[in-house]
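Dear colleague,

Please find below the structure that I am handing over to you. My findings follow it.

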Amino acid sequence: MRTIRTVARNELPEVTRWLLADGFQATLVACHDDGDHLRIVYSWLAATPERRIDVEVTVGRDDGWVPSLADLDFAVGRFEREVRDLYGVR
């Protein structure tokens, strides 16, 4: 089962804490160029029961930042660096 949840960037750490506490693991963070804004998608999977949640955050091109989640999940920090390198999202 896949769920998509759109959140504001300030909600991202709280949602991440909830997902980690519920047994989810980060599997991918990707950035999409939607023209006038950037959409960052955090994909989370849990094995038992099998679940997938994609958390989306939209930021303006001129305001491209999200709070870092690296202190909550090491793997996410690696993805954040890639998004920064490719899209300039801080």
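The notes below go from the overall fold to the nonpolar core.

This is a predicted model, in which local features need pLDDT of at least 70 and side-chain atom pairs count only at pLDDT 80 or more, while totals for chains, interfaces and linings use all residues. Residues are numbered from 1 along each chain as its sequence is written, and side-chain values use heavy atoms, without hydrogens and water.

Two helices and four strands make up the protein chain, in the order β-α-β-β-β-α along the sequence. Helices (H or I, at least four residues) and strands (E, at least two) are DSSP runs, numbered from the N terminus. The C-alpha trace spans about 40 × 25 × 20 Å along its principal axes.

Of the 90 residues, 40% count as buried, that is, under 20% relative accessible area with a 1.4 Å probe, protein chains only. The largest nonpolar core (buried Ala, Val, Leu, Ile, Met, Phe, Trp, Tyr and Cys residues joined through side-chain atoms within 4.5 Å) has 23 residues. Those with the most contacts inside this core are Leu12, Ile40, Tyr42, Trp44, Val55 and Val66. At least two core residues each come from helix 1 (12-21), strand 2 (25-33), strand 3 (37-46), strand 4 (51-60) and helix 2 (74-87). Strand 3 gives the largest share, five residues.

Leaving aside neighbours within four places in sequence, Val66 is in contact (heavy atoms within 4.5 Å) with Arg9, Leu12, Ile40, Tyr42, Val57, Val59, Val89 and Arg90.

Yours sincerely

Key: Buried < 20%, exposed > 50% of the residue type's maximum accessible area, 1.4 Å probe, protein only.
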